[in-house]
Each structure stands twice: as C-alpha cells, then as structure tokens.
Amino acid sequence: MVEKIEIVVNGEKKVILNKSNIKEMIKTLGYEDNSFAVVLNGTFVDLKKYDETKIAKGDTIEILAPMAGG
Amino acid sequence: MWKIAGKELESRLLIGSALYPSPLQMEESIKTSGAQIVTVSLRRQNAGDKAAQSFWNIIKEMNLEILPNTAGSHSAKEAVKTAQIAREVFGTNWVKLEVIGDQYNLQPDPFETVKAAEILVKDGFEVFPYTTDDLVVATKLVDVGCNILMPWGSPIGSGQGLMNPNNLKAIRKKFPKIQLIVDAGIGKPSDAVEAMQLGYDAVLLNSAIALALDPVKMAEGFKYAIQAGRLGYEAGIMQEREFASPSTPVVGTPFWHQFD
C-alpha cells in the first residue's frame, strides 16, 4: 500500500500519496490543468518542473491565480 | 504619446480590474476607457474555481500591459515575495508596490515600502510604488532607485479626490523627471482633471469607474477628463487674478451705453 502524507495547501491540511509530483498533486486536489501558479515552501515552481518536483511530508503549497486588483 | 517604464503609450489612464458588477462590464469599461495598463493581483485559487480562469482569459485577450500589485502585503518581506511570484506568473518586471500600514485608512507603510522598493529595484523590477503625498517619503523612494512614484489623492476607494493638492504639487516640482501617477482616492472625472492639471503624468483608478451606476459611461468620462486635464496642463493655465477683468474689449462699445 502506498503511504499517504499530510501537506498544507492554501492554508488547509490535505492528504496526498507519498512521492507525488506537483502534476499528480494538482490532479488529486481537483484542480484543472489551467493557468495558476504553484509556490512550494515559498519558492515559485516553473510549469516545466511540475513532473520532476516531488512533494514531501509537511510541505506548504500555495496555489495562486490571477485575480482582479486595483 | 508618453513613455513609462520603457513603453510608449497613448493613454494616461491606468485602470484597475476589481469591483465591477460583472466581468462583461469590466471588459467594456476597460476597453471604453482606452487604458493600456491594467492592474491585477494574485490570490489563492480553490479547486474547481472557474471564475479565476475566466477573469484571466478576458484580461489576456485585451492585450494590455499588466501591472501586478502586491495588495494585501503588510511588510516589505511579503511584498517582495508577492512581486517575485507575480513576475514569474505574469512575465513582467513591473510591479505596483503596495504595503499597507494601517487597516483603517489603508495608508501605505512608508518604511516598509521604501525597504521593499530598494530590494525590488536591485532585483531588476520596475517599481510603481503606491505612497502617500509625503515629500520626504517620495524622496527616499527616488533615492533607492524608483523612476515612478504613485502618491495617493486620498485613501483607497474613498472617492474623496485630491485631499492635499499642495503636497502633490510639491512632489511634481521637486521631481520634474520622475513619472508621477496619482493613485487612489479619485472619485469623479473632475478629480482626474485636477490631478492632470497639476502636471501629473497619469492617473490610476478603479473604484471610481467600477462603482459608478454606469461603469462603461464613467470610463468614457474619465478618458476625456484625463485628456482634458493634460491638455490644460500642456497649454499653460492662466494666472488667477484677484479682480474681475472684462473679456470683451471696452474700446468700441456702442454709443448708447454712454447715456446709461
């Protein structure tokens, strides 16, 4: 059985499969494959690196999108 | 035409993308205003949130210069981090630096703003700092390398217009070569006229258009107000006089006036 790990996404605790990469995490969390930004432990992750970037237990992730602003 | 941050633009209006009654009204208002720079923000996205994607698609299709803001930041550290992420997401080194120091009137924190501006300028950003109309803070921002200053007219979203035109005038006088933009507090087209007549290079506004009963019509009003104010400034405004002075020539007044 694949181990599960706890991470924090946009301030909320989430559980994903261990050794998931960003692409898999996005899918697990129910995000569609569209334009948003992923910040892993405070560092922006380039879209091209979603496959190779693995998520570890306790990681803090922000999923951000362009929004209205003044 | 005028130039800011290396771009030649026609419009001297920078417009915000928030608070419109609908995405369609936002799109129509921005188009009608003729603005070529639009401000946007970065916010947490929830899974399945289609509104964010649709917002971004509308903005992208208008092909405008994007000015990401750091709204929501309360320290230099937060603002710098937001700016760095925005640079990656939006592919621009432009940033509207906004560090709030007071929750009640949303007054910018001058100390943290200057600190963040210094870091961002060194990191290659074109910083558009939102600041108060304080001349000393303006000077500090220029000292750390800002080529643009965005003093407020009055608090964000208040619509109170230019609270202190004398302070804005002093900034214009001290920094003739810095691009000056009045940001925040504009409520009606005449406020924009006043800002432009002071010799400011542009105006940034959002609520005044988005919260009008008819945002699209107000966008058109501001478009012309900014043009009128600029033309007035360029034309050179007459000196005020203490007494009346007839505008119609006195010489040649018909004879019957002499018997009154």
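**Close-up 1. What comes right after helix α1(B).** In this predicted model, helix α1(B) is followed by G34(B). The phi angle of G34(B) is positive, near 75 degrees. The helix itself takes up residues 23-33 of chain B, so follow those residues along to their end and you land on the glycine.

**Close-up 2. The buried side of helix α1(B).** Which residues of this helix are buried? They are M26(B), S29(B), I30(B) and S33(B). Because these four cover an arc of only 95 degrees around the axis, they sit on the same side of α1(B). Now look at what they pack against: β3 (13-16), β4 (37-44), α8 (207-210) and α9 (215-235), which belong to chain B as well.

**Close-up 3. Inside the largest nonpolar core.** This core has 87 residues. Want some landmarks? Try L97(B), I181(B), V203(B) and F222(B), the residues with the most contacts inside the core. Helix α3 of chain B, residues 76-90, gives the largest share of the core, seven residues.

**Close-up 4. Around V203(B).** Here we zoom in on one of those landmarks. Leaving aside neighbours within four places in sequence, V203(B) is in contact with R12(B) and L13(B). Also on its contact list are I181(B), V182(B) and I186(B), then A192(B), A195(B) and M196(B), and finally I226(B). I181(B) may look familiar, as it is another of the residues with the most contacts inside the core.

**Close-up 5. Where chain A meets chain B.** On this view, 20 residues of chain A are in contact with 24 residues of chain B. Two elements of chain A give two or more residues to its side of the contact: β3 (37-40) and β5 (60-68). The largest share, seven residues, comes from β5(A). What kinds of residues does chain A bring to this side? Twelve are nonpolar, seven are polar and one is charged.

**Close-up 6. Strand to strand across the two chains.** Five bridges join β5(A) to β4(B), and the two strands run antiparallel. For a spot to start from, find A65(A), which stands opposite R43(B) in β4(B). You have already met β4(B): the buried residues of α1(B) pack against it.

**Close-up 7. How confident the prediction is.** Chain A averages a pLDDT of 91, with 96% of its residues scoring at least 70. Among the elements of chain A, strand β4 (residues 43-45) has the lowest mean pLDDT, 90, and strand β1 (residues 4-9) the highest, 96. Chain B averages 95, and 99% of its residues score at least 70. For the model, ipTM is 0.89 and pTM is 0.91.

How values were computed. Residues numbered from 1 in each chain as written. Chains lettered and ligands numbered in written order. Predicted model: local features only at pLDDT ≥ 70, side-chain atom pairs only at ≥ 80, totals over all residues. pLDDT = per-residue confidence, 0-100. Buried ≥ 20, exposed ≤ 12 C-beta atoms within 10 Å, placed from the backbone. Arc of directions from axis to C-beta. Contact = placed C-beta atoms within 7 Å. Core = buried A, V, L, I, M, F, W, Y, C linked by C-beta atoms within 7 Å. Nonpolar A, V, L, I, M, F, W, Y, C, P; charged D, E, K, R; others polar. Pairing = 2+ DSSP bridges.
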